Amino acid sequence: MVQVPTQFDVLVMPNLYGDILSDLCAGLVGGLGVTPSGKIGANGAAIFESVHGTAPDIVGLDLANQTAMLLSTIMMLRHISLHDYRNKIRTACLDTIRDKKVLTEDLRGKSKLYLLSCAKNAVLMSRYCSYSSFSTDLRSYLAMLA
Amino acid sequence: MTARCVRTLSGSLQLLLRNRWPKPPPAQYGGRHTVTLIPGDGIGPELANHVRELFRFCCVPVDFEVVNVDSTMDSEDDINNAIMAIRRNGVALKGNLETNHNLPPSYKSRNNLLRTTLDLYANVMHCQSLPGVRTRHRNIDIMIIRENTEGEYSSLEHENVPGVVECLKIITRTKSLRIADYAFRTAREKGRTRVTAVHKANIMKLGDGLFLECCKEVAGGYPEITFDSMIVDNTTMQLVSRPQQFDVMVMPNLYGNVVSNVCTGLVGGPGLVPGANYGEDYAVFETGTRNTGKSIANTNTANPTAMLLASCLLLDHLKLHAYANMIRRAILSTVTETRLHTADLGGQGSTSEVVQSIMKAVESTGPRTLSL
């Protein structure tokens, strides 16, 4: 896994190995801030949550990376078959990270949580929003903050 | 310390003082040591031959008593012969014995049987970044000390209800104290400053909780060494993002298996890292990650570095430090300077070419007898 992780596709394993391997893979892809998860039950009940814990040391400091929570939401939307919304949010989220302009500290950026959130919304709105003046206002607001 | 003093101490401290640091066996028959050699399966036999070839070339005063173990046979006679030979000689160099998991549950892993019978309680692996090997992370220097005889490898499983299997993980106070003490003593001997206990005590509160408690108890006796603990899933994540933060790590059996394989992957692969199994009376040396390498057996492509470095650890254990250092220098110069790498490191060299290169490096250091 640490030498050639790309050889793996889907891995199925018991509980303990899953715990260890999922954190290991999270470390490989960028850390706990970008790793979503879902717990699917036999009766269709499902809980989607990020892999990271409560991180009490950074509470209230506006430092948390919300990508994990957002990607978990995307998993949830796919589970409940809201594919349209899922695709929009997913594109916005991944584009923001790909642009590398607005990233939180755990991804070696300098932006705060709030700005990252706004950036994602801006990408979302600029692509899909029909109210062009609204998206222009948002972009100018972002430019003012930065 | 007198016997009366030892008896008045608490149980755990008594245990620690009674545990001896493993002593090398005395040389016999004109200053030559006899070492048991178990070639094993897969790439084991060819690597064992290379070790013998190299030792003969370097005039190392070690004679090998070869004991072949057929891992496909149901009877335990072969492995019992090997154990008897190791009891006789005190030291062994071993290739991995394949454990086919298609065989019935009554067939116990031969490697595990060897370790538990000889009570080789400490598995030590030193993972270091080598200059000539390209890896994602640099400057890794981690010592992994893994409990080798209990934990999840106790081979205690039962199926009371069809379809429901219970597997017992055994953690004992005695063995946990023993391995913790070994870890701290090793850290002190090697001048290390930090020991990290790896556990999952938040879930396995009694089992790993006991292990952690024992480590904390032993840590109290080594004030100059910083002790901390980390949950195993966080450990693996930290290892792939920031492995330089770790120094010495001590852990139960299964986590040791996982963490040692991760660390080996981080420094360049299973072909580079040797491993040592120490007990109170015996020591067995092998490759760190215990791979059989069945798919590359007899293709002359296996990386001999791990087995050859294990043989250097063997020589250090026998107090033949001059020979050990000479061979280790030659091996490291081949890997780092000459950069003759086998396929697992992205090179095109064959096993025999690498061994020849090591012998050339040894030759270039000068005469090998008497001056040592």
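1. Let's start with Thr117(B), which sits in helix 5 of chain B, a helix spanning residues 110–117. Keep in mind that this is a predicted model. Thr117(B) counts as partly exposed because its relative accessibility is 37%, and the partly exposed class lies between the 20% and 50% cut-offs.

2. What does Thr117(B) touch, once residues up to four places away in sequence are set aside? The partners are Ile83(B) and Arg87(B). There is also a link back into the helix: a polar atom of the Thr117(B) side chain lies 2.4 Å from the backbone oxygen of Leu113(B). If you want a long-range distance to go with that, the C-alpha atoms of Thr117(B) and Gly268(B) are 32 Å apart, with the two positions 151 residues apart along the chain.

3. Now the helix as a whole. Helix 5 of chain B is mostly covered, with six of its eight residues buried. Which ones are they? Arg110(B), Asn111(B), Asn112(B), Leu113(B), Leu114(B) and Arg115(B) make up the buried set. So Leu113(B), whose backbone oxygen faces the Thr117(B) side chain at 2.4 Å, is buried because its relative accessible area falls under 20%.

4. What do those buried residues pack against? On the strand side, the neighbours are strand 1 (33–38), strand 3 (91–94), strand 11 (274–278) and strand 12 (283–287) of chain B. Helix 4 (77–89) of chain B is on the list too. One backbone detail to look at while you are there: just after helix 5, Asp119(B) takes a positive phi of about 55°.

5. Zooming out to chain B: the secondary structure comes to twelve helices and twelve strands. The radius of gyration is 21 Å, which agrees with the value near 21 Å for a compact globule of 372 residues. Along the principal axes, the C-alpha atoms fill a box of roughly 55 × 50 × 50 Å. Buried residues make up 56% of the chain. As for contacts in chain B between residues at least 6 apart in sequence, 75% join residues at least 24 apart.

6. Chain A has five helices and two strands. Reading from the N terminus, the order is α-β-β-α-α-α-α. Of the 146 residues in chain A, 27% are buried. Take the contacts in chain A with a separation of 6 or more, and residues 24 or more positions apart account for 50% of them.

7. On to the interface. Chain A puts twelve residues into the contact, and chain B puts in 17 residues. The area buried between chain A and chain B is about 1200 Å², and carbon and sulfur atoms give 75% of that.

8. How many salt bridges are counted between chain A and chain B? The count is one. The side chains involved are those of Asp19(A) and Lys200(B), at 2.5 Å from N to O. By class, the side of chain A that touches chain B has eight nonpolar, two polar and two charged residues. For polar contacts across the interface, the rule finds three residue pairs, with both residues at pLDDT 80 or more.

Notes
Residues are numbered from 1 along each chain as its sequence is written. Chains are lettered from A and ligands numbered from 1 in the order in which they are written. This is a predicted model: local features need pLDDT of at least 70, side-chain atom pairs count only at pLDDT 80 or more; totals for chains, interfaces and linings use all residues. Side-chain values use heavy atoms; hydrogens and water are left out. Contact means heavy atoms within 4.5 Å. Buried area is the accessible area (1.4 Å probe) that two parts lose on being put together, summed over both. A salt bridge is a side-chain nitrogen of Lys or Arg within 4 Å of a carboxyl oxygen of Asp or Glu. A polar contact is a pair of N or O atoms within 3.5 Å; within protein, one must be able to donate a hydrogen and the other to accept it, and residues adjacent in sequence count only if both atoms are side-chain atoms. Ala, Val, Leu, Ile, Met, Phe, Trp, Tyr, Cys and Pro count as nonpolar, Asp, Glu, Lys and Arg as charged, and the others, Gly among them, as polar. Helices (H or I, at least four residues) and strands (E, at least two) are DSSP runs, numbered from the N terminus. The radius of gyration is taken over C-alpha atoms; the globule rule is 2.2 Å times the number of residues to the power 0.38. Buried means under 20% relative accessible area, exposed over 50%, partly exposed in between (1.4 Å probe, protein chains only).
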